[in-house]
Amino acid sequence: MNRLLLVIDVQNDFINEHTKNILTEIKELVDSNKYDLTAFTRFINDENSIWYKKLNYKGCMTKEGQAIAINTKNNKVFDKNIYTAVNDELKKYIQKNNISKIYLCGFDTDACVQKTAINLFEQNYDVYVLKDYCMSHLGKETHDFHINNLARLIGKDRII
């Protein structure tokens with residue numbers, strides 16, 4: 001059984017004064033080889049998305065903004081255009097690679113990390129959130145609030 005580190009949306013357009021400090025830590029975690037497999041997600045936005053149409057969100061629309069801010073080392077990258085990373089492609093990857101535990105890190109704690117964690121939990125995957133390797137672009141207060149919420153929703157023993 002393999003352990004997967006899933007790095008959520010560590011992309012140039014999500015880097016700001018709150019998230020930039022955690023980039024080094026995420027890079028070190030990826031480089032540590034503590035996990036059997038590492039994969040990344042990349043949020044793709046465009047003029048037809050609900051984020052652009054309903055929220056006027058213009059991030060992650062360019063190749064530069066969409067680019068992952070650390071070296072992926074040729075690990076699998078899952079492109080997505082919704083909050084969650086959970087889709088058929090990820091589920092097939094988990095099954096094919098005999099993954100028993102999934103560890104999440106990345107951005108934003110209050111959006112894509114939380115939604116992915118909840119979806120994996122609800123679909124009976126063994127998921128953990130690495131709280132010190134996640135952050136919200138809105139800052140630590142928002143991050144902490146959603147980490148506490150995740151502890152309630154998926155179990156405090158799943159927040160490490």
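This briefing describes the fold, surface, cysteines and selected residues of one protein structure.

The model is predicted: local features need pLDDT of at least 70, side-chain atom pairs count only at pLDDT 80 or more, and totals for chains, interfaces and linings use all residues. Residues are numbered from 1 along each chain as its sequence is written, and side-chain values use heavy atoms, with hydrogens and water left out. The protein has six helices and five strands; helices (H or I, at least four residues) and strands (E, at least two) are DSSP runs, numbered from the N terminus. Of its 160 residues, 48% are buried, where buried means under 20% relative accessible area, exposed means over 50%, and partly exposed lies in between (1.4 Å probe, protein chains only).

**Overall fold and size**

- From start to end of the sequence, the elements follow the pattern β-α-β-α-α-β-α-β-α-β-α.
- The radius of gyration is 15 Å, which agrees with the value near 15 Å for a compact globule of 160 residues. This radius is taken over C-alpha atoms, and the globule rule is 2.2 Å times the number of residues to the power 0.38.
- The C-alpha trace spans about 40 × 30 × 30 Å along its principal axes.
- Among contacts with a separation of 6 or more, 78% come from residues 24 or more positions apart; contact means heavy atoms within 4.5 Å.

**Surface and charge**

- The accessible surface is about 8,500 Å², and carbon and sulfur atoms hold 46% of that area. Accessible areas come from the Shrake-Rupley method with a 1.4 Å probe, and for residues only the protein chains shown count as cover.
- There are 22 positive and 21 negative side chains, and the centres of the two sets lie 4 Å apart. Lys and Arg count as positive and Asp and Glu as negative, while His and the chain ends are not counted; the place of a charge is taken as NZ of Lys, CZ of Arg, CG of Asp or CD of Glu.

**Helix H5 and its surroundings**

- Helix H5 covers residues 109-122, and 10 of its 14 residues are buried, so it is largely enclosed by the rest of the structure.
- The buried residues of H5 include Thr109, Cys112, Val113, Gln114, Asn119 and Leu120.
- These buried residues pack against four strands and two helices by name: strand S1 (2-8), strand S3 (76-80), strand S4 (99-107), strand S5 (127-135), helix H4 (88-96) and helix H6 (140-154).
- Ahead of H5, Asp108 is in the loop between S4 and H5. A cis peptide bond joins Phe107 to Asp108, with omega about -20 degrees.
- Just after H5, Asn124 has a positive phi of about 70 degrees.

**Cysteines**

- The number of disulfides is zero, a disulfide being a pair of cysteine sulfur atoms within 2.5 Å.
- Cys105 is in no disulfide, and its nearest cysteine sulfur, that of Cys134, is 6.1 Å away. Cys105 counts as buried because its relative accessibility is 0%.
- Cys112 is in no disulfide either; the nearest cysteine sulfur belongs to Cys60 and is 8.8 Å away. Cys112 has a relative accessible area of 7% and is therefore buried.

**Positive phi in two loops**

- Asn33 is in the loop between helix H1 (20-31) and strand S2 (37-43). Its phi is near 55 degrees, a positive value in a residue other than glycine, and Asn33 counts as exposed at 63% relative accessibility.
- Cys60 is in the loop between helix H2 (50-55) and helix H3 (63-66). Cys60 is not a glycine, yet its phi is positive at about 60 degrees; at 0% relative accessibility, Cys60 counts as buried.

**Chain ends**

- Met1 is in the segment before S1 and counts as exposed at 68% relative accessibility.
- Leaving out residues up to four places away in sequence, Met1 touches Asp36, Asn98 and Ser100.
- Met1 and Glu89 are 88 residues apart along the chain, and their C-alpha atoms are separated by 19 Å.
- Arg158 is in the segment after H6 and is buried, with a relative accessible area of 17%.
- Beyond its neighbours within four places in sequence, Arg158 is in contact with Phe121, Asp126, Val127, Tyr128 and Val129.
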